[in-house]
Amino acid sequence: MAALGLLAAGTVAVTPAGAASPAGTPASAASPAGTRSQQVPSAYRGTPTVGSQRKTGQTVLIVTASKAAQARLTSSVRHLHSMAAAGDSQAEASFRSSLPSIGAFSVQVPSAQADSAAAALRKQSGVSAVEVDTPAHFDSYTPSDPYWATKQASYLGVRGVDAAAAWSTQQGSPDVKIAILDSGVTIDHPDLVDKIAGSYDAEYGDDDVNDTLGHGTFVAGVAAASTDNGQGIAGAGFNSSILAVKVANDDDEIDIDDVVKGIAWATANGANVINMSFGSDVASPAEARAIAKAEAAGVIVVASAGNSGNIGDPKEYPASDPGVISVGATDGATKRASFSEYGTAITVGAPGVNIYSTTNPAGSAYFPAASYNSGDGTSFSSPIVAGEVALLEAQSPTASPSQIRAAIVNSAHGFAGQGMGTGQVDFALALQHLPPTTVPTVTSPEEGATGTGTITLSATSTAPKVQFYVSGAAVGAPVPVVDGVATTSWNSLGQANGSHAVTAHDCDAFTECNTDAAQAPALAHVIVANDAPVITAPAGAVQGILTPTATAPAGSGLTFYIDGKRVGFDATAPYSLLVGTSSLANGAHHVTAHECNSTGSACSGPVSALLDFTTNALLPTLSTPSPSAFSSTGHGSKTSVSTTLTIPGKVTEAAYLTVATASGTVVVDHQSLGSFAPGKHTVTWHGLGATKKPEPSGTYQLIVTTTGAGQQGSVITSVTVDNVSPSLTAVTGNGAYFYPYADGYKDTFVPSVKISESSTLTLVITTTTGKAVRTLSGPKPGAGTHALTWGGHYADGKEVPGTKYDWHFTAVDAAGNSAHSPTYTVSTSVRRLVAKTANVVHNADGVSKDSAGYPNYFAINNTPDRSCVFYDDHKDSGQIYKYGVDYWDQCSVDEAGFEVSGGLYTFTVPNATEYTSLSLSATGSSGGRSAVIYGGYDLIPTSGSAGGAQTYPQKGTSVTSASTKVYSLGTVSPAFHISTNHHVLTEFDMSNENGNEFNDFDLEYLTLKVNYKVLQ
């Protein structure tokens, strides 16, 4: 029975934004006899009805790890339900839905029990996740005004998404189904009646999708209203079918478990695309899992991005779930719709302003006009894209979901910098972005033909381009088809001799190819028969420099191996390599050459026969050259390179220096270094050639040969010449001003610079007369933008005087080449921040004015006349204050819920460099009654009206005293609360939250305590 106590303690429910029950109607009233709520067995609905309970409850989704856990927990919940039906008031949980598609079920409890129940459920054995359902809302705007040419062509025609041009090519298919998960669909609407391929109400499990709200009917018409039928409007998907899935109840509530069931039903009933024009800023793991299963089944999911007008923070779900095409709204021409979400969370945009579509024949809550109406919102951008998906599915039934999505994304365009993903969708262009379903025919080489060197590949095709492959590797980029034939060439050099499969894929004009292996079999085979290289040297005994040479087919590159170890690559004929004998032990060796292509990226070609040789040579050695790079011009700090030559043994050897480029061109030929006794000796090269002129930048080989006692030897090492100084660009920080005193306010100066290569970066600061102040060096960064920091101090830590200074960057690369930036200025100040406090008092009757000049008092109540909440500034109750305002609230908590009366007050605060905190307090009394009062802060623009995101610093303060007292309303960081004109907007609220039907607070004045800092 542990589960009984657990669920009675609380579980959870999610209700999207929706209207509350009309005043005076009990939230638990049972549905009238004969209503469809009675069509569902009560054991599966809760008591008295799911619809009525959802007004005061939240849904808990429990994703379990085993079927046994589901059975145990659902049985416990149903037992609780039967206890509640028998009158046990403690058993408040009720079973809502089984969600087998994601291995979950949902239960429902009162809101107050949701968090505690969810926490307890997470501890139960077999439960892997519990989530509290959160409100979702339709992404639509209030309809504006009461068909193709007059209402739709402006955004669906050539100036918009170019649907008309697409329809001339593709008009969709009834076999392609668009599932509209929404508030239902008026299926007998003349423009929809012939398009419905199935219907499902997720809450009740039947096919009644009556749409009292009108939102789903409007969305369905946008996606796939009957087109070219002589009446009404055209649907974006033209001949596509509709699956009407009702996931919102008639009270404008969308529960996650119903969404999950709707997705599962749509997937099981053949949906090609699911449209969801609703969302929440809270992600649902259950919803995401259901979407993932639909996508795994090949369904494409499209969702509206939201109408907050924000930059995607917080994100909207399901639009931001993985794989979903998130659609923002445009004006259909050049601009993002002002209300649309935007930013990196958006996939594409589509028109969302003044969209014309189907409505209930008798009008509805969302669309009062009968039969047809217009509306704004991303809710109506999304089904446009769903219709586009349906057209693409009809055009290419074998295309994968990823190919369909890529066609939509890659064809969208315009709206650069407006946060609309890749731009506004383009139906006609998207059709062109679909990979062809045709297969080309390889005509060259003929099957089994033999080829060498560069081999011609050709194929006949009806597609714009063809991509060739040899042995599964792409041959360059797709090539155009000219007069029905595509031709390219394949370099077989460096490839293994033998049979290679040649295949080809048709591609569209944008190089998107049909890569379905089943449609592109190996269509031809070519036999590669390139000649093997031939080693021509060395042969016999070798002394001094070892120079392997070889011949090979023209265009080849060769990699040389000695004793199976790679010793180097030569890209061009005549093929040869310099190898020092010191790298080999004296004795027998062999050399081979492997055929490569000219770049050395492919070296699987034929291999030469072995050529044997022997060495009996001196064995001098060279150390690693230092520095790693130097400048031959003599202008840098590193003007030469040195290496240590070691003469082994006991014989004095004569040494000679040869310097050659990487390609083998000799620039210093056999220059005598003198005779060296056994031991270590320094060899230096200054980068000068035979004519004593500096050699250009590049890699060089230092070759030292020695002779002695009738023998020769050689050793080779590589060095780098770098004569190019780094460049310094994009310098920032000129004219900066900062305050070195360490108080956290602009304490440092951080200039930056972009350097072209890895260099040691230095920041040099001097007085304006050139006297050194500070030199700061950082690590040796790579190429890119880097910054150095100066705190306004000398090297000994003392603060510099407040004045102007000169500064510049220097950079020195590995070769000692240096560069200097221009000289810039920076100024310092000895001023520092000083903390201050000010108390600003505001009389209660000094309420800020709205744009029309009226006081910004307000009263919030569900009833239209707001008769139970009000304010009175005539001082006619309780304690009378000279400048007071009496706030009243006579609303019943049970009937009206949380209701407030209050006012907006604007404070002018002192000028400051930095604001630390704001503390609001209210002075007044309860007049003998009780109340709960709040304080809030809001961003204020130049006028006195409210704007921005409101925050409440604390829960509230209970007031019961009839005598005048000061009540703290909370402290906040000012962050965004201080406007540019030093105004702070505050809100004072008095509510009925304490449960009484009579709440009263006489406000005398508000005090804003401002903690701030100024520079002095």
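Strands here are DSSP runs of E covering at least two residues, and helices are H or I runs of at least four, each numbered from the N terminus. With that in place, the loop holding Pro-627 is easy to pin down: this proline sits between strand S35 (621–622) and strand S36 (641–647). The peptide bond that joins Ser-626 to Pro-627 is cis, with omega at about 0 degrees. All of this comes from a predicted model.

A cis bond also turns up between Tyr-317 and Pro-318, this one with an omega of about 15 degrees. Pro-318, too, belongs to a loop, the one running between strand S11 (300–304) and strand S12 (325–330). Such bonds are worth a look, because most peptide bonds are trans.

Turning to phi, most residues other than glycine have a negative value. Phe-238 goes the other way: it is not a glycine, yet its phi is positive, at about 55 degrees. Its loop links helix H7 (215–224) and strand S8 (241–246). Is Phe-238 buried or exposed? With a relative accessible area of 5%, Phe-238 is buried, since the cut-off for that label is under 20%.

Asp-252 has a positive phi as well, about 70 degrees, again without being a glycine. The loop in question lies between S8 and helix H8 (256–268). Asp-252 has a relative accessibility of 17% and so counts as buried, given that anything under 20% qualifies.

Then there is the second largest cavity, which has a volume of about 40 Å³. Helix H5 (148–156) and strand S14 (355–358) are the elements that contribute two or more residues to its lining. H5 has the largest share, with three residues. The lining as a whole is made up of Gln-152, Tyr-155, Leu-156, Val-222, Ala-234, Ile-355, Tyr-356 and Ile-384. What classes of residue line the second largest cavity? Seven are nonpolar and one is polar, while charged residues are absent from the lining. Tyrosine is put with the nonpolar residues in this count.

As for the chain overall, its secondary structure adds up to 13 helices and 61 strands. Of its 1016 residues, 52% are buried. The accessible surface of the chain is about 41,700 Å², and carbon and sulfur atoms account for 53% of that area.

Key: Residues are numbered from 1 along each chain as its sequence is written. This is a predicted model: local features need pLDDT of at least 70, side-chain atom pairs count only at pLDDT 80 or more; totals for chains, interfaces and linings use all residues. Side-chain values use heavy atoms; hydrogens and water are left out. On a 1 Å grid over the protein atoms alone, a cavity is a set of points where a 1.4 Å probe fits but cannot get out, and a pocket is an open set with protein on both sides within 12 Å along at least five of seven lines; lining residues have an atom within 4 Å of a point. Grid points are joined across faces, edges and corners, and a volume is the space filled by probe spheres set on the points. Buried means under 20% relative accessible area, exposed over 50%, partly exposed in between (1.4 Å probe, protein chains only). Accessible areas come from the Shrake-Rupley method with a 1.4 Å probe; for residues, only the protein chains shown count as cover.
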